[in-house]
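Dear colleague,

I am passing on the structure we spoke about, placed just below, and after it you will find my notes on its aromatic side chains and its interior. Please read them with the model open beside you.

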Amino acid sequence: YLVPQVKFGTDEWYDMFKWALTEAKKFSLTIGVHNCDGWSSSGGPWITPEKSMKMFTWANTNIEGGKTISLQLERPFSRDNFYKDVAVVAFPSSIAINSFQKAKPIILLNDSTNANVLADGTPVSFVKVDRGYTITFKFNTEFEANKIYLLPRKEFTWSNPKDFEMTYVLSSSSNGLDYHQLLEFKVKGLNEMKHIEIPATKSRYFKLTIKDFGYSDSWLALTLAEVELLKKDESPSYNPSIQFHQEKTVMVKAGDKNSFEDIGLFKGAVNQSKVLDISNKMDANGMLNWNVPAGNWKIIRFGYTTTGAINAPATKEGEGLECDKMDSNAVAFHFSQFPQKLIARAGDMTGNTFKFLLIDSWECAFQNWTQSFPHEFEARRGSKITPFIPALCGEMVTDAPTTEAFLFDFRTTIANLHANN
């Protein structure tokens, strides 16, 4: 412990690397180095959100047409304060807004942190939870509920996500202080909406407590993405008509290959010809000015953010965002910031004593977007992606075969870009 620390990335660190090569050469040994600090995967503090792994994200708005509107569209969920718009699309919708959405309760995590993202109708936004955490719902007036929908979520698990089990307690209160238990229940499985019948209850306050859950992959963050209290015949805001929607759009790990092959029950479809690209109706601040045709419309503001994945387990000096695996410029930039510097220091020992670079393990979850994805998709698949943005957000477009074919092409494009870069 009396040896001074040599910090990653400093001149002294690179000098030590060259010394190690010189010593190895004396004994005819070869050395290989991981392509970043840690053993997974390819990143560092030089990677900005713009050059990082990316995921698509979206926000929904339902409106009544037959009028001209000026409407501030909600900015989709983002990480590291990084978000870029891709498109705004609209299509006719017959889905009724449920009573929970109309009531607009205040949602709090542990009675302190705003958790309204739990009712935004998308699986990409979330709150991290642990044993003993609570979700409190505060209504302006008494609210009637007969069931609860929730979406427990882990982007990745080493074990099968279908086997993960959680125990919850739902309570209600008339004054927000004194709660009595309505139901304790268990939910098995991750990454799909779960539906539990509860005793018919009218109350101003409800509290959901995460009582317990399995210990498998406990170091990987457990989140809740959606929670809604509903009446008997109502549907939740996130109610994808595509079976295994998140798996098929490369958001989360699939339990098995059936997740990609199961079409499920047909719940109706969006008419592709009626998906309107209204991107030019929204300004840079998210204000939508549009003469809306008659009828009820669903608007999707669609864009992308960073996945937030970082290289690990790394030193403080070497830790940073993972580079974009679908962008050759981002990959080349990462290479220039560390591997290329190793090669330069190794000099004429490169290729003999300094024998190889490696990526030890892919542990950075998933990436389903990059800045050039619309162009790359059209170039490879021969069609524009915009009319199928509703499918990426869980809506079946045209019919099941058409939607599944598009999603296959979407995943194939992701695979192509990973392989090419």
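One aromatic cluster is formed by Phe 56, Trp 58, Phe 302, Trp 369, Phe 373, Phe 377, Phe 388, Phe 406 and Phe 410. Please keep in mind throughout that this is a predicted model. Over the whole structure, the search gives 31 aromatic pairs. Among them is the pair of Trp 13 and Phe 17, which counts as stacked, with the ring centres 6.5 Å apart and 10 degrees between the planes. Both of these residues belong to helix 1 (residues 11–26), where they are four residues apart, or about one turn of the helix. Trp 13 is partly exposed, because its relative accessible area is 22%, whereas Phe 17, at 9% relative accessibility, counts as buried.

Two rings also have a charge over them. The charged end of Arg 131 lies over the ring of Phe 213, at 3.9 Å from the ring centre, and that of Lys 325 lies over the ring of Trp 362, at 5.6 Å from the centre.

Turning to the interior, the count gives one cavity of 30 Å³ or more, and the volume of the largest cavity is about 110 Å³. Its lining consists of Met 55, Phe 56, Arg 79, Val 124, Arg 153, Glu 155, Val 250, Met 251, Thr 307, Phe 366, Gln 367 and Asn 368. Sorted by class, the residues lining this largest cavity are six nonpolar, three polar and three charged. Phe 56 thus appears both in this lining and in the aromatic cluster described above.

With best regards

Definitions and conventions
Residues numbered from 1 in each chain as written. Predicted model: local features only at pLDDT ≥ 70, side-chain atom pairs only at ≥ 80, totals over all residues. Heavy atoms only, no water. 1 Å grid on protein atoms, 1.4 Å probe; cavity = no way out; pocket = protein on both sides within 12 Å on 5 of 7 lines; lining within 4 Å. Points joined across faces, edges and corners; volume = space filled by probe spheres on them. Nonpolar A, V, L, I, M, F, W, Y, C, P; charged D, E, K, R; others polar. Phe/Tyr/Trp six-rings, centres within 6.5 Å; stacked < 30°, edge-to-face > 60°. Helix = DSSP H or I, 4+ residues; strand = E, 2+ residues; numbered from the N terminus. Buried < 20%, exposed > 50% of the residue type's maximum accessible area, 1.4 Å probe, protein only. Lys NZ or Arg CZ within 6 Å of the ring centre and 35° of its normal.
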